[in-house]
Amino acid sequence: MRAISLNGFGGPEVMSWTEAPDPAPGHGELLIEVAAAGVNRADLLQRRGHYPPPAGGSPIIGLECSGVVAELGDGVHDWVVGDRVCALLSGGGYAERVVVPATQVLPVSDGLDLGAAAGLPEVAATVWSNLVLTAGLHANQLVLIHGGGGGIGTHAIQVATALGARVAVTAGSAEKLTRCAELGASVLINYRDDDFVTVLRAQKSGAGGAGADIILDNMGAAYLGRNVDALADHGKLVVIGMQGGVSAELNLGALLRKWGTIHATNLRARPATGVGGKAEIIAAVRRQLWPLIADGTVVPVIAAELPIEAAADAHRLLDSGEAFGKVVLRVHEL
C-alpha cells in the first residue's frame, strides 16, 4: 500500500506519499480501506517531532479516517466486510489501509459522504468525552468554547446547543464569528478586540450567577489565569490543548473562591479499553451523539478536502488558522 512517510521532522515538505508495509488485523481488530483521513493539529505536532505515537501505535500520521471494512480479525462479530465506517485511530490514517480496534469504529450512514465522515471521529470523541462525560454539560448552562472556528469548536457549538446549553465562543474574525452564530453560538467574542473575561462576567451562568459554567480550552498556559477569572461559581475548566504554551502560574485562591475545577485531558494517550478508555468513549458517542448526526442536528463542518498527495498543503492550511471547520485528505473514491 501507499502512505504518507516522514523524511525526518520539520515543515510540511518532510511528508511524502510512498510505499509502506500492508497492515493486517489482529484479534479484535479490523482493516479499513481508507476513503479519507481527517487532519488535526496533533498531526502537525507529530510531523515536527513533538508528538510521538503511543507505544505500539503506527508511526504513520493520522488520528481518524473513514472508509470501508476490508477484512475482519479474529473475534470481530459486529461488523461485516463492505460496511461504511469511520474510526478513531492512534495513528496510521494517512494511508490506503489502516488497522483499528473494532471498538473504535463508528457506522457511516448512506446519506453521509465518506469525505465528511473522516472529520468526525476525533472531534466527536473529544467534544463528547470532555463536555459531557467529564464536565457534565446539561441544559441552560453557559459554555465558553475557545477557537470556535476550528474543527473541535464548530462541532462543540452544535453539540452544546443541541443539549440545550447557551454557547459563547472566541474567534479571530467577524466572518468566523458570524459562521459560529449560524451553528448556534449566541455570545460572540473577537479575541483580537474583546476581553473574554469581561464579556463572560457580564453573562449569567446556568445557576444565575456570572461567568461560564464550563470552558473548553485549546490554549493552555496563555489563558489559564483568565479562564479561571471567567468561570462561574462551581465552574469547570477543561484544557484540551496547549497552543498557548505548557507552563503558567495558577492563582489557587481565585479557583478556591469559586469552588472551581480544572481538568486536563488527552485523547490519543487514553487506553483502548477500561474506564475512560477509547472504547468507552466511542460507545457513548455512538449511543448518544450519533443519533444527532443521523438526523442532521449535528453536521460535519468541512473547510477543505484535498487529495492525499497534497498533505503538505493541508497542513499549511490548518496551520494558517484560516480554515473554518475540518480539513480532510481524500485517499480513495469509495
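## His-234 and Trp-259: positive phi

His-234 counts as exposed, at 54% relative accessibility. In this predicted model, the residue sits in strand β12, which covers residues 231-239. Its backbone is worth a look too: phi of His-234 is near 65°, a positive value in a residue other than glycine.

Trp-259 is another residue to inspect for its backbone. Although Trp-259 is not a glycine, it has a positive phi of about 50°. Its place is the loop between α8 (252-257) and β13. Is Trp-259 buried or exposed? With a relative accessible area of 53%, Trp-259 is exposed, since the cut-off for that class is over 50%.

## A nonpolar patch on the surface

Strand β13 spans residues 261-264 and holds Ile-262. This isoleucine is partly exposed, with a relative accessible area of 31%. Ile-262 belongs to a nonpolar surface patch together with Leu-250, Leu-252 and Leu-256. Taken together, the four residues have about 360 Å² of accessible area.

## Two helices that cross

Now to the packing of α3 and α9. Helix α3 runs over residues 121-134 and helix α9 over residues 278-294. The two pack at an angle of about 85°, and their axes are 10 Å apart. Helices α3 and α9 are therefore roughly perpendicular to each other, because angles of 65 to 115 degrees fall in that class. On the α3 side, the contact is made by Ala-124, Ala-125, Trp-128, Ser-129 and Leu-133. Helix α9 contributes Ile-281, Ile-282, Ala-284, Val-285, Gln-288, Leu-289 and Trp-290.

Helix α3 also holds Thr-126. Thr-126 is buried, with a relative accessible area of 8%. Which residues does Thr-126 contact, leaving aside its neighbours within four places in sequence? They are Ile-152, Ile-240 and Leu-267.

## Salt bridges across the chain

How many salt bridges does a search of the whole structure find? The search finds 11, and a few of them are good places to start. Arg-2 forms one with Glu-96, where the closest N and O atoms are 2.9 Å apart. This pair links distant parts of the chain, 94 residues apart. Arg-2 is in strand β1 (residues 2-6), while Glu-96 is in the loop between β5 (84-88) and β6 (97-101). The two partners also fall into separate accessibility classes: Arg-2 is partly exposed, with a relative accessible area of 34%, whereas Glu-96 counts as buried at 9% relative accessibility.

Next comes the salt bridge between Arg-48 and Asp-319, with the closest N and O atoms 2.7 Å apart. Arg-48 lies in helix α1 (residues 41-48) and Asp-319 in helix α10 (residues 311-320), so this pair ties together parts that are 271 residues apart in sequence. Arg-48 counts as partly exposed at 30% relative accessibility, and Asp-319 is partly exposed with a relative accessible area of 40%.

## A loop partner and a shared network

Arg-226 and Asp-195 form a salt bridge too, and their closest N and O atoms are 3.2 Å apart. Arg-226 lies in helix α7 (residues 224-230) and Asp-195 in the loop between β10 (187-190) and α6 (196-201), so the pair ties together parts that are 31 residues apart in sequence. Arg-226 counts as partly exposed, at 32% relative accessibility. Asp-195 is partly exposed as well, with a relative accessible area of 34%.

Elsewhere, salt bridges that share partners join Asp-113, Glu-305, Arg-330 and Glu-333 into one network.

## His-315 in helix α10

Let us end with another histidine. His-315 lies in helix α10. Is His-315 buried or exposed? His-315 is buried, with a relative accessible area of 0%.

Its surroundings bring together residues from far along the chain. The C-alpha atoms of His-315 and Val-39 are separated by 7.5 Å, although these residues are 276 residues apart along the chain. Setting aside neighbours within four places in sequence, His-315 is in contact with Val-39 and also with Pro-12, Met-15, Asp-43, Leu-44, Arg-47 and Tyr-94.

Technical notes. Residues numbered from 1 in each chain as written. Predicted model: local features only at pLDDT ≥ 70, side-chain atom pairs only at ≥ 80, totals over all residues. Heavy atoms only, no water. Patch = residues over 30% accessible without salt bridge, like charges linked within 9 Å, V, L, I, M, F, W, Y side chains within 5 Å. Areas by Shrake-Rupley, 256 points an atom, 1.4 Å probe, with all protein chains shown as cover. Salt bridge = Lys/Arg side-chain N within 4 Å of Asp/Glu carboxyl O. Helix = DSSP H or I, 4+ residues; strand = E, 2+ residues; numbered from the N terminus. Buried < 20%, exposed > 50% of the residue type's maximum accessible area, 1.4 Å probe, protein only. Axes fitted to C-alpha atoms, helices over the stretch in contact; angles between N-to-C directions. Parallel < 35°, antiparallel > 145°, perpendicular 65-115°, else oblique. Contact = heavy atoms within 4.5 Å.
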